[in-house]
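Q: I should like a close look at a single part of the model shown here. Please set that part in the context of the whole before describing it.

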Amino acid sequence: MDLTSSFELKVVTDPDGKNVSLGDMPIEAAKAFLTFYQAMVTLAEKSGDENPRVGIKSGSAVAIATGKTAELIEESYDLVVAGKCVDPDIVKQWREVQAQVQANGFGYEINAVSAKGVRELKTDIKQAKTFVKKAVKSKFSNSIKFISGKLTEVGANIHVLTDGGEKITIECEEARAIKATKYIFKPIWVAVWARKATNSKSASYELCDVYSNEAQYNGFKDFFEDLEKENKIAALTAIHRTIKSELAKENFSALRKLFKLWMHPTTDIQTLTIVLVITKAFKDDKRLAGQIAQLQKYFALQDAKHAKQLKKKKRAQ
Amino acid sequence: MTTRPQSKNLIKKHLLPSKPDSLPEKFVSAIVKINKSGTINHAGIAVGSEEGQHMFHFNSTSLIKRELKYYDNYYQREFETIPPYLADAFYVHCMEAMDSCAPEYGKFYNGTYFKDGKVINPDEEAPFLMSCVGFCLGVLNGWDTAENYIEYEDWTANNSLTEAELRLEQSNLKLLYSYLSDEELLVNIRRIKPSEYLASAYLASTPISKASIEPIATILESIALDLKEAS
């Protein structure tokens, strides 16, 4: 007996209960074996083994991998069954095997053999829900940062000593710098757009908005910090619901303050979309029309950029 | 009008089986069911987003979200008007629309749409009725920055229902909404077929007219017959 591990996909009997033999198969049996063999080849290739090998064994019709390849295939099988596999090709092959096992009257065996013994997988595969790839969810991210501290200097830019003791420079327009002079040496609460130069450790900041008190500042800060803890869909949902409830309360000044934070070329296009869709009924309402028109401009810029990329991608295919 | 004549092959090329393996990761599509006799008889919206691949539809009693399956006879076409890079936002829009209403079934559509996460009924007095297509149009109207996705008034009781269907629909509605006059009901009795809705996905400029939809819908109906025979 072979002491190394093996992973086997076997077509054992035909619907009449007769043994299937590799040397002489009816077409349906050959097709079933082909599905298994194709799956085995792909699973071995994708197993991560540097030198994967597969084989065919007679007796019944057996597609087989041995040794390390077999162990890696068994590991990937466990991931697929748990719904945790992110590789669509691996999941697809297992789904083909699953469909084959569920479909017709052939007798199959699917076994993982190791020093621990024989693990029979066919029944589990047959009864499992259709294998699907694990969805990959991205984090919601944006460039908005909130800074509180003391205004220490106003020149071409404004300089802030943050509550954390960090000296930072915030770029701003001249008119706003002039306005800022009256807050010198006073506490300030601001929102900025941060960007990191590719070759630099330090970020640079662009002034977005100033808050008149700490409570107002904290309201926006908490909202955005919560968003950053979410995945993209959850964050977009939170944005949608927040705007919906503020619209219902007719809290237009807070909404104008909120929309200001998204008036920047770095704002994610899907965030802009959600904001525009939910405020559609207010696009001619004086209380929000100006802000909505500005957000539309940022949307149009990004839309053109994305559309161009999409066109390029489609042409390349 | 920007409608170009589209050949059957080109139309067929963009109609994909709604099986997760044959679809791109991100999409917003019109999805339809082709039944055993080769008729396109049900419609919904399919969205591929970071949450996975889902179908949203109205089954004549409930609004339903479900995962796309590997083994059924649904086909889909990406909306020309909704690019894949907005699919996550569209998913959120669908979820919020679903949560916001409980329609009843009827061959009736009065331009209702889901806006600001709630249902906007242009005629407050009118009943909140819709078909599977009506639900999709409601969601699409709420998304489009133009007021309407489709020129729904191009469809009338006379040009979209048979006489028998119309009589039946009228008597059903009369029972439910006795406070409305025959004329008030008649204005919004219409049937936009699933094949016509599917055809709208091929068109890029809104609002989409019945005239631009018709030639594509006819071709799609013939493709559906071929697909029935092939399956």
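How many helices and how many strands make up the secondary structure of chain B? With that settled, which residues of helix α9 of chain A are buried, and what covers them?

A: The model is predicted, and what follows describes that model. The secondary structure of chain B consists of eight helices and 10 strands. Chain A, for its part, has 10 helices and 10 strands.

The setting of the helix may be taken from chain A. Three domains are assigned in this chain: domain 1 spans residues 6-127, domain 2 spans 143-219 and domain 3 spans 230-317. The centres of domain 1 and domain 3 of chain A, taken over C-alpha atoms, are separated by 49 Å. Along its principal axes, chain A has C-alpha atoms that fill a box of roughly 90 × 45 × 40 Å. Its radius of gyration is 30 Å, where a compact globule of 317 residues would have a value near 20 Å. Of these 317 residues, 31% count as buried. Among the contacts in chain A with a separation of 6 or more, 62% are between residues 24 or more positions apart.

Within chain A, helix α9 covers residues 269-278. This helix is largely enclosed by the rest of the structure, because eight of its 10 residues are buried. The buried residues of α9(A) are A:Q270, A:T271, A:L272, A:T273, A:I274, A:V275, A:V277 and A:I278. Their cover includes elements of both chains: α7, α8 (252-260) and α10 of chain A, together with α2 and α3 (132-143) of chain B.

One of these covering elements, α2 of chain B (residues 87-99), packs against α9(A) at an angle of about 35 degrees, with the two axes 8 Å apart. The crossing of α9(A) and α2(B) is right-handed. On the side of α9(A), the contact is made by A:Q270, A:T273, A:I274 and A:V277, while α2(B) contributes B:D88, B:A89, B:V92 and B:H93. Sorted by class, the residues of this contact are four nonpolar, three polar and one charged. The four residues that α9(A) brings to the contact also appear among its buried residues.

The helix pair belongs to the contact between the chains, which takes 27 residues from chain A and 22 residues from chain B. On the side of chain A that touches chain B, the elements giving two or more residues are α3 (88-103), α7 (232-248), α9 and α10 (289-316) of chain A. By class, that side of chain A comprises 13 nonpolar, eight polar and six charged residues.

Chain B, the partner in this contact, has 231 residues, of which 46% count as buried. Of the contacts in chain B with a separation of 6 or more, 71% are between residues 24 or more positions apart. An example of a buried position in this chain is B:L198, which lies in helix α7 (residues 194-200) of chain B. B:L198 counts as buried because 29 C-beta neighbours lie inside 10 Å, where the cut-off is 20 or more. Residues up to four places away in sequence aside, B:L198 touches B:A30, B:V32, B:I40, B:A43, B:R77 and B:L220. Its C-alpha atom is separated by 8.9 Å from that of B:I216, 18 residues away along the chain.

How values were computed
Residues are numbered from 1 along each chain as its sequence is written. Chains are lettered from A and ligands numbered from 1 in the order in which they are written. This is a predicted model: local features need pLDDT of at least 70, side-chain atom pairs count only at pLDDT 80 or more; totals for chains, interfaces and linings use all residues. Axes are lines fitted to C-alpha atoms, for helices over the stretch in contact, and angles run from 0 to 180 degrees between N-to-C directions. A crossing is left-handed if the near helix is turned anticlockwise from the far one by less than a right angle, and right-handed if clockwise. Two residues are in contact if their C-beta atoms, placed from the backbone, lie within 7 Å. Ala, Val, Leu, Ile, Met, Phe, Trp, Tyr, Cys and Pro count as nonpolar, Asp, Glu, Lys and Arg as charged, and the others, Gly among them, as polar. The radius of gyration is taken over C-alpha atoms; the globule rule is 2.2 Å times the number of residues to the power 0.38. A residue is buried if 20 or more other C-beta atoms lie within 10 Å of its own, exposed if 12 or fewer, and partly exposed in between; C-beta atoms are placed from the backbone. Domain bounds come from an automatic or database domain assignment.
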